[in-house]
Each structure stands twice: as C-alpha cells, then as structure tokens.
Amino acid sequence: MVIDCAEGVWLYDLEGNRYLDGVSSMWCNLLGHRQPQIDQAIRDQLDRVAHSTSLGMACTPAVVLAKRLADLAPGDLQHVFYASDGSSAVEVALKMAYQYWQQCENPQPVKTKYIALGQAYHGDTLGSASVGGIERFHALFKPLLFDVVRLPIPDSRANTLEHFLAELEEVLQNQHGKIAALVLEPLVQGAAGMVFHPAGYLRGVRELTRRYDVLLIADEIVTGFGRTGRMFACEQEDVTPDFLCLGKSITGGYLPLSATLTCPEIFSAFLGPPTNTFLHGHTYGGNPLAAAAALATLDVLQDQQILCQSEARIQQLAEILGRLQSHTHVAETRQWGMIAAVELTPGRDQENAYPEEIKIGSRVCKEMLRRGVWIRPLRDVLVIMPPLSISSDELELLGNVLLESIDLVCEEIASVVSSV
Ligand code: PLP
C-alpha cells in the first residue's frame, strides 16, 4: 500500500482509496494527519531555520521545548537530551546511567549491568535490542548484544503483584552492587502484545530500585503524551523515574524526534572531571522543525484539552471492546486509555492458541483493510490505537469493522478446520 496523502484519521493511497489509520501510523500520530496548527508551526519554522546543530549551540524551539517538557514531566526531570528516534532515546538513557555510576560523587564503577523484562521491546539499535526480550526480533544478532539480568514478563494474568515484586527484590538483594539501571515500559508492554502489568507494579519497582540504589529508566516511547489517559503513564502510579524516554507522539507523529529526560542529580555528575560531557550525540538531535512540531503538539494538547476530551473516546472504546468480551474467538480484550488489544484464540481459552501458520491476526487485518480500516497485528493480538483526535463516528466505524471482520474470518477458519 502506497500512501499518497492523508487528512485527519484518514490515509489515502495512490488509487484514492481511503483507510482509517487505526494504529496511528505505528503508534505515533497523536492528533490526526495534516493537523492545521502543527502544519503551520512547521511552515513558520521553515521560514526561520530548518536545521542548526545542538553540538555547542542551541536553537530556539529546542530550548523552549526542553522547558515545556521539563514542566510537564513528573517530579524533577528538568534536563533534556534530544535524539531522533525512540531506540536512541533508550540508548541514551542506558549510556547515561552507565556513565553516571562511573563519575558520580561516590563512583561505583562495577555498576555496569541492566535489569530488563521478558518480552520487552525498547528499539533496534544494539543497546536497546540488548535490553529487548523478544526472541524473534533480535535472536539473529545475539552475538552482538550484551547480557542483561532478565526477569519474566510481569503479566497480570500470569501471577500476582507480590510475586513479581518479590522476584525483583531477590535479584536486587543479590546483585544490586553490579546493576546500573532497570529499564521497563511502564504499565503496558507494547510489542509483547499489549501485555499489562499488575496494578501497583510500576510503583513497587520504583520503591525497590530506590531502596537498592538502582536507576529506573521508563520507556514511554509508546505510552507518552496522553495515550493512557494521562500525559505520561508514570503519572498513573505517581512515579518519577530517573530517566524518562519519549519519542513517537512527541511531534504529533510528524517528524523524527526523541528526548531523554533526567534529574539534576544525574545531570550534575556530568559537570565536572573526569569527563564533563555525556559522550553521545546525534547530528539532528533537537532539530528545529521537529521541535516546532513538538511545541505545536503540546499547544494543541493543552489548548484543546485533548486529554479531557479523550475521556469520552476511551469510554466508547471500552464499550466496543465490551461487545467482544463474550465472543467465542476472543480470549481477552485489554485497554489502557486509548491503547487497546483483542487477543484471538480458537475457543476462549488463552492457553490454546491458533497455529502460527493460520496467521489469524493478519487475516483479520486484511479483512479490515478491505473494509477501509488499517490496523496491524502483533501475531494473534489485534492492536487498536487510533489518534486521540478520532471522532465518535470514526471510532464507531472502526469498532463495527473490527467486529464484522473478526466474525467473518474466525467463522471461515472454523469451517475450514472442521472440514479437514
Ligand atoms: N520503545 C518502545 C516501547 C517502542 O515500542 C519502540 C518502537 O515501537 C521503541 C522504543 C523504538 O522507537 P523507534 O522505532 O522510534 O526507534
């Protein structure tokens, strides 16, 4: 499919067919395509300067944006480091955590390891892939990746909060002297199949990492900027991490930009000897056009009270998922704000999955595409994450197409399987 143009939640291909963008162009478009204020902000910035370097100097929109992000972020995350993509934002946090322990007031040079969660996804660069835990993405590159302390995915369906926190505490008790940081996707692990952590997990992890002197990296590349119903997922459990990684929706999904935020204590470790700089940089980090798009995105989010307005859409999405709850081919529906998932199984039993070769998720998505709605599956999990600006009618259409397509494809497959 080749996209020629777009408007609002609609993508148009070269033949003029239109498709509802049901996963925000890979979880990043926040306020619709061709959003007038973002378009205008980029045009205005183009009349000033398209790019100037962040190495040794700065540009106005990047400076203003840093202040806006610091004001919005939880706690004392006042310092902002820019890169151009989510993987690099995580890479930056990993390296910053390492360098911090090398040169903080009481250096702990053996703190060089990371704790990461099973089925985590933090990007595709070698550092972010090392902390990632999805075999099929990164197994080929294993010889190039560094070892991490891997905990099982804290899937709220598999075990209790107490179990997962006890498991973490045991690891911290035994190894905290070697561990620089723990990295996680707060509340929901996206690429794992929208797997939700038990309520209280994030807060528990924060308490334990503080107690054992391990830094916490929150990867909010997906959850940031209102997707969970709050500006940042960390706010849902009143948590301030040591690093907050932002990307994707930061520019409304318009231009490549990411940011790693940290606190004064970590920042100040980079001010003196032995190395008074963070040894990392990207040519286009803090690009003025991207920063202008990000500022306009924040303006729209705040001026139009998008988070308040999205409450009605979140409710509507819950009603749509409710219609699927007793469906014979749906094991579970999950939702956090405007992030939703539908897990397909032959019966309602989660243990009994469709054989991989059936590609049930892809089949349903193809059927939906035929009916004018584009979403992408994570294997047998259908992900629904439209722009927050989606209207009630558009969301209703998405819901109807989803339900019809699941019915049709699952019935077709059931009849093929039973006739074999
Ligand atoms: N972190 C998370 C949680 C993600 O889901 C992704 C991408 O989907 C990334 C990091 C990597 O971001 P990017 O693709 O911009 O490098």
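In the predicted model, Ser-24 has a relative accessible area of 0% and is therefore buried, the limit for that class being under 20%. This serine belongs to helix α1, which spans residues 24-27, and its backbone is unusual in that phi takes a positive value of about 50° although the residue is not a glycine. Most residues other than glycine have a negative phi, and most peptide bonds are trans. A positive phi, near 50°, is also found at Lys-359, again a residue other than glycine. Lys-359 is placed in the loop between β14 (339-344) and α13, and because its relative accessibility is 51%, where exposed means over 50%, the residue counts as exposed. A further backbone feature is the cis peptide bond that joins Pro-273 and Pro-274, with omega at about 5°; Pro-274 is located in the loop that runs between α10 (264-268) and α11 (288-303).

The ligand occupies the space of the largest pocket. Its surroundings are formed by Trp-27, Asp-85, Gly-86, Ser-87, Tyr-121, His-122, Gly-123, Glu-185, Asp-219, Ile-221, Val-222 and Lys-248. Polar atoms of the protein approach the ligand at several of these positions, from backbone as well as from side chains. At Gly-86, a backbone N or O atom lies 2.8 Å from an oxygen atom of the ligand, while at Ser-87 an N or O atom of the side chain is 2.6 Å from a ligand oxygen atom. For Asp-219, a polar side-chain atom is placed 2.6 Å from a nitrogen atom of the ligand. Of the 390 Å² that the ligand exposes when taken alone, 82% is buried by the protein.

Helix α13, which comprises residues 360-370, contains Glu-367. With a relative accessibility of 9%, Glu-367 falls under the 20% limit and so counts as buried. The side chain of Glu-367 is joined to that of Arg-371 by a polar contact of 2.8 Å. When neighbours within four places in sequence are left aside, Glu-367 is in contact with Ser-405, Leu-408 and Val-409.

Methods
Residues numbered from 1 in each chain as written. Predicted model: local features only at pLDDT ≥ 70, side-chain atom pairs only at ≥ 80, totals over all residues. Heavy atoms only, no water. Helix = DSSP H or I, 4+ residues; strand = E, 2+ residues; numbered from the N terminus. Buried < 20%, exposed > 50% of the residue type's maximum accessible area, 1.4 Å probe, protein only. Polar contact = N/O pair within 3.5 Å; in protein donor to acceptor, adjacent residues only side chain to side chain. Contact = heavy atoms within 4.5 Å. Near = heavy atom within 4 Å. Areas by Shrake-Rupley, 256 points an atom, 1.4 Å probe, with all protein chains shown as cover. 1 Å grid on protein atoms, 1.4 Å probe; cavity = no way out; pocket = protein on both sides within 12 Å on 5 of 7 lines; lining within 4 Å. Sits in = over half its atoms within 2 Å of the grid points.
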